[in-house]
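Thanks for making time this morning. I would like to walk you through one structure, beginning with a small piece of it and then turning to where two chains touch.

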Amino acid sequence: MQAARLPHPGPAIEAPQAHPKPEPLLELRAINKTFGSVAALSGLEASVAPGEFVTVVGPSGCGKSTLFNIVAGLEEPDAGGILRFEGKSCHAADLLGRVTFMPQRDLLFPWRNVVDNAILALEVEGMPRDQARAKALKMLPEFGLAGFEKQYPNQLSGGMRQRVALMRTFLFERDLMLLDEPFGALDALTRAMMQRWLLDVWQKYRRTILFITHDVDEAIFLGDRVLVMTARPGSVKLEQTVDLPRPRRPEIVTSPEFVRLKRTLLDAIEEESMKSFQSSIVQEKTQ
Amino acid sequence: MSRALASPSLAVQRGILGAVLLIACWEGAARGLHLPAYVLPAVSDILVGLWSKRATLIDAAGYTLLEALVGYGLGCLIGIGLAVAIALVPALRSAILPLATAINSVPVVGYSPLILLWFGIGVSSKIVMVAMAVSFTVLLSMLAGLDRVDRRAVDLMKSFGASRFGVLWRLRLPTALPLLLAGMRVSTVRSVIVAIVTEMLGAQGGLGWVIYQAVLQIDFVQVWSAIFVASAASLAFFGLIGFLERKLLFWT
């Protein structure tokens, strides 16, 4: 735990050099979450600065999805923790509608075509359909979907469906975007393309992104900062700033700096994976 | 569905072939074995009878179809309405479902003496009976459809700030549509059956009434003519809803 360098509010500790901002957009302090007798999160501390791209990695079953649900506003943490958004302390439920999230599966509605899927959030907000569609149509080329506006989800490839889902998330213009392994189901090539493309889009729109993944390469390639989670009960084991220059080229993944970061992160993750692996063996033996 | 669309001619050919074989056997049996008309009249006799009584039969069919269609429409509205009410106010489920099940655990025809007493022997009693039968099937299939919604899709809608009604309108209703339409398709045939059976128990017109009168007059060719017309009407109704189903559910 000593390895963790947790930023504290105040000017003494700097946020990442790329965009120094004094006030974090999202702050989680001493967050616990238990389900019955199972502790999913314990003493989790994290903060995200405005405009920052933060990635979260961890061994499977480390409470990543619990973290996701709390930040998405779908689940309340246990009492005692502090949750702050835009500097004001709040309940998780207050984040509903203020954070835009994209779950692992694209969850496109099969009865809506590409444009109508993309404008779902705008429609819910009450924007007239024509206006929303016009807005979405302008964004289509950037999302590699020009000419596909009238297609239905079952006519699209996995990567395209994921881009439609991302476009839907982008069109719901909120300061914080929460992405849960959005490329997890894609093949390696499509995934690499999507990562580069996401960085382009992010650089243009400068939204704050919290990106959950189990892929260390993805975490480093995308993030300004990588948070490594401990085995269950989850907390932040290591916080690693990624000082790689942007825009990031695909070949950066073989640079010494990248490999060094990867080594550090993998060591941390492996330690945690071993812990959860061994505890499961102990459990089996005692049974 | 695409398979059926790819070779409609083959399916149609088989259907026609089956029908022709059945009619040939029927005709052969009735003529060859010299069956009396009250056991089984020949198909050709039935068709001749059908043609000679066409005015009566068309009138009767119109009467029955009116009852079946109005009852069907009402039943669908009631079934969908109750299912939506349960979806919006989940507490209603334990109030509505046991009652609806209790009412429908008795064959609908069991209620007919009461319904005839309350609503008279005109069209309204038939409409009520059809509506009862249809609403239950539609309620159950609609509820099953509404419950099939993906939890995470609901979460997504909520995160966009959608209200309970918004989730229902934009997500749960379209999700429920395939099962609803399947229930509605099955109900078409049921609605015609219930209308005819109720007519046989007391009516001023309709195919069921024609059948009943023909039985009294020992005119079995007439009975069979009415059955042919009823079955054609049922098939047409079934086909119409099936067609709508394919048009509406373009994504399945």
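**A hairpin, a strand and a contact**

Let me start at a turn, keeping in mind that this is a predicted model: in the hairpin formed by β4(A) and β5(A), 2 residues sit between the strands, and A:Glu86 has a positive phi near 50°. The two strands of this hairpin, β4(A) and β5(A), which covers residues 88–89, are antiparallel and are paired over 2 bridges. If you look for A:Arg84, you will find that its bridge partner in β5(A) is A:Ser89.

Now, β4(A) has another neighbour, because strand β1 of chain A, residues 26–35, is joined to β4(A) by 4 bridges, again with the strands running antiparallel. Within that pairing, A:Leu26 is found opposite A:Phe85 of β4(A).

Which residues of β4(A) lie on its covered face, and which on its uncovered one? In this strand, residues 82–85, the covered face holds A:Leu83 and A:Phe85, while A:Ile82 and A:Arg84 belong to the uncovered face. As a general point, side chains in a regular strand alternate between the two faces of the sheet.

Let us move to the contact between the chains, to which chain A brings 20 residues and chain B brings 14 residues. On the side of chain A that touches chain B, β6 (99–102) and α3 (120–125) each supply at least two residues, and α3(A) gives the most, with 4 residues. By kind, the residues on that side of chain A are 14 nonpolar, 4 polar and 2 charged.

Terms used. Residues are numbered from 1 along each chain as its sequence is written. Chains are lettered from A and ligands numbered from 1 in the order in which they are written. This is a predicted model: local features need pLDDT of at least 70, side-chain atom pairs count only at pLDDT 80 or more; totals for chains, interfaces and linings use all residues. A residue is buried if 20 or more other C-beta atoms lie within 10 Å of its own, exposed if 12 or fewer, and partly exposed in between; C-beta atoms are placed from the backbone. Two residues are in contact if their C-beta atoms, placed from the backbone, lie within 7 Å. Ala, Val, Leu, Ile, Met, Phe, Trp, Tyr, Cys and Pro count as nonpolar, Asp, Glu, Lys and Arg as charged, and the others, Gly among them, as polar.
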